[in-house]
Amino acid sequence: MYNPVTLTLQADPLILSALREDITSEDVSTNSVCPEGQQGTADLICKQDGIVCGLGIFERVFTLLDASTEMEAYVKDGDAVKAGQTMAKINGDIRILLSGERTALNYLQRMSGIATYTHATVQLLKGSNTKLLDTRKTTPNNRIFEKYAVQVGGGNNHRYNLSDGVLLKDNHIGAAGGVKEAITKAREYAPFVRKIEVEVETLEMVQDALEAGADIIMLDNMSHDQLKEAMELIQGRAEVEVSGNVTSENISALLDLNVNYISSGALTHSAPILDISLKNLHAV
């Protein structure tokens with residue numbers, strides 16, 4: 001995902017905004033102890049077992065502050081790492097390393113945490129044909145990083161944003177006057193290349209979605225018995241996504257349904273960070 005074009009057009013402005021949030025005028029602490037430039041080095045150390053993600057963004061924070069900063073990585077995104085493992089060494093002006101440290105670690109810890117949680121959840125679906133999807137329940141201005149982390153963890157991205165696909169949820173259905181009306185209007189408006197997905201909460205809504213020709217039916221917040229009945233009703237006439245408070249703790253209970261997709265907002269809104277530190281900073 002993070003090729004030069006993506007970095008320049010999408011990631012760089014967000015990283016710069018994060019840096020401006022942390023440095024409004026100057027880094028007073030760093031400038032007080034390092035009035036002059038001095039080359040230095042520091043170790044990037046993992047303090048928990050997990051899946052690393054975001055090394056390129058970590059490095060980019062520093063190179064945006066000073067293009068001469070260099071990082072020697074010993075692992076790559078998607079690798080399993082262990083507590084105490086040195087994952088990289090970063091070299092550059094000590095003032096840059098100090099000023100960029102927290103912003104860089106915030107990205108790396110958050111993205112690695114999402115990748116770790118996603119990986120653990122994907123393992124629970126191993127052996128099935130069901131794909132794990134994320135949602136738009138992401139941190140504002142961090143979606144590009146968080147959805148990438150889901151991919152690195154082995155999950156799949158649902159639509160990236162509102163321009164990316166048609167998903168008719170409860171309030172869309174309410175605004176249109178019903179499931180059939182919402183699907184009909186979407187079919188008339190949306191380009192023919194777009195699939196139409198509709199969120200349903202009852203068996204009656206499932207039937208309406210089928211009759212209106214929905215491409216994907218999202219079964220939202222249904223009981224397990226309702227889900228089984230819905231699957232019997234659909235019988236392969238549409239792809240099926242199950243959603244609604246799905247976490248790593250309860251996802252295994254859905255395996256017997258053999259649905260196409262299970263989406264989980266928890267991948268991005270509830271994943272804990274992976275504890276990572278920048279240590280052993282010294283002049284060279």
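This report describes the fold, a four-stranded sheet with its packed helices, and the nonpolar core of a predicted model.

## Overall architecture

The protein contains 10 helices and 12 strands, and its C-alpha atoms fill a box of roughly 70 × 40 × 25 Å when taken along the principal axes. Of the 284 residues in the protein, 45% are buried. Among contacts between residues at least 6 apart in sequence, 70% join residues at least 24 apart.

## The open sheet

Four strands form an open sheet in the order S3-S5-S1-S12, with antiparallel pairing. Strand S3 (70–73) and strand S12 (276–283) are the edge strands, each of which pairs on one side only, and the twist from one strand to the next averages 20°. In general terms, strands of a sheet pair through backbone hydrogen bonds, either parallel or antiparallel.

The pairing of S3 with strand S5 (residues 86–93) is antiparallel and runs over 4 bridges; within this pair, Ala 73 stands opposite Ala 88 in S5.

## Helices packed on the sheet

Helix H3 (residues 55–65) packs on the sheet, where it touches strand S1 (39–46), S3, S5 and S12, and its direction makes about 160° with that of S3. Helix H4 (residues 94–124) also packs on the sheet, touching S1, S5 and S12, with a direction that makes about 165° with that of S12.

The axes of H3 and H4 come within 8 Å and cross at roughly 155°; because angles over 145 degrees count as roughly antiparallel, H3 and H4 are therefore roughly antiparallel to each other. The crossing of H3 and H4 is right-handed. On the H3 side, the residues that meet H4 are Leu 55, Ile 57, Phe 58, Val 61, Phe 62 and Leu 65, while their partners in H4 include Ile 96, Leu 97, Gly 100, Ala 104, Leu 108 and Met 111, together with polar residues such as Ser 99, Glu 101 and Thr 103.

## The nonpolar core

The largest nonpolar core has 77 residues, and those with the most contacts inside it are Leu 44, Phe 58, Met 87, Val 198, Val 200, Ile 217 and Leu 219. The largest share of this core, 10 residues, comes from H4. Phe 58, listed among the core residues with the most contacts, is also one of the H3 residues that meet H4.

Leaving aside its neighbours within four places in sequence, Leu 219 is in contact with Val 200, Val 206, Leu 227, Ala 230, Met 231, Ile 234, Val 240, Glu 241, Val 242 and Ser 243. Val 200, one of these partners, is likewise named among the core residues with the most contacts.

Technical notes: Residues are numbered from 1 along each chain as its sequence is written. This is a predicted model: local features need pLDDT of at least 70, side-chain atom pairs count only at pLDDT 80 or more; totals for chains, interfaces and linings use all residues. Side-chain values use heavy atoms; hydrogens and water are left out. Two strands pair if DSSP finds at least two bridges between them. Helices (H or I, at least four residues) and strands (E, at least two) are DSSP runs, numbered from the N terminus. Axes are lines fitted to C-alpha atoms, for helices over the stretch in contact, and angles run from 0 to 180 degrees between N-to-C directions. Contact means heavy atoms within 4.5 Å. A nonpolar core is a set of buried Ala, Val, Leu, Ile, Met, Phe, Trp, Tyr and Cys residues joined through side-chain atoms within 4.5 Å. Buried means under 20% relative accessible area, exposed over 50%, partly exposed in between (1.4 Å probe, protein chains only). Angles under 35 degrees count as roughly parallel, over 145 as roughly antiparallel, 65 to 115 as roughly perpendicular and the rest as oblique. A crossing is left-handed if the near helix is turned anticlockwise from the far one by less than a right angle, and right-handed if clockwise.
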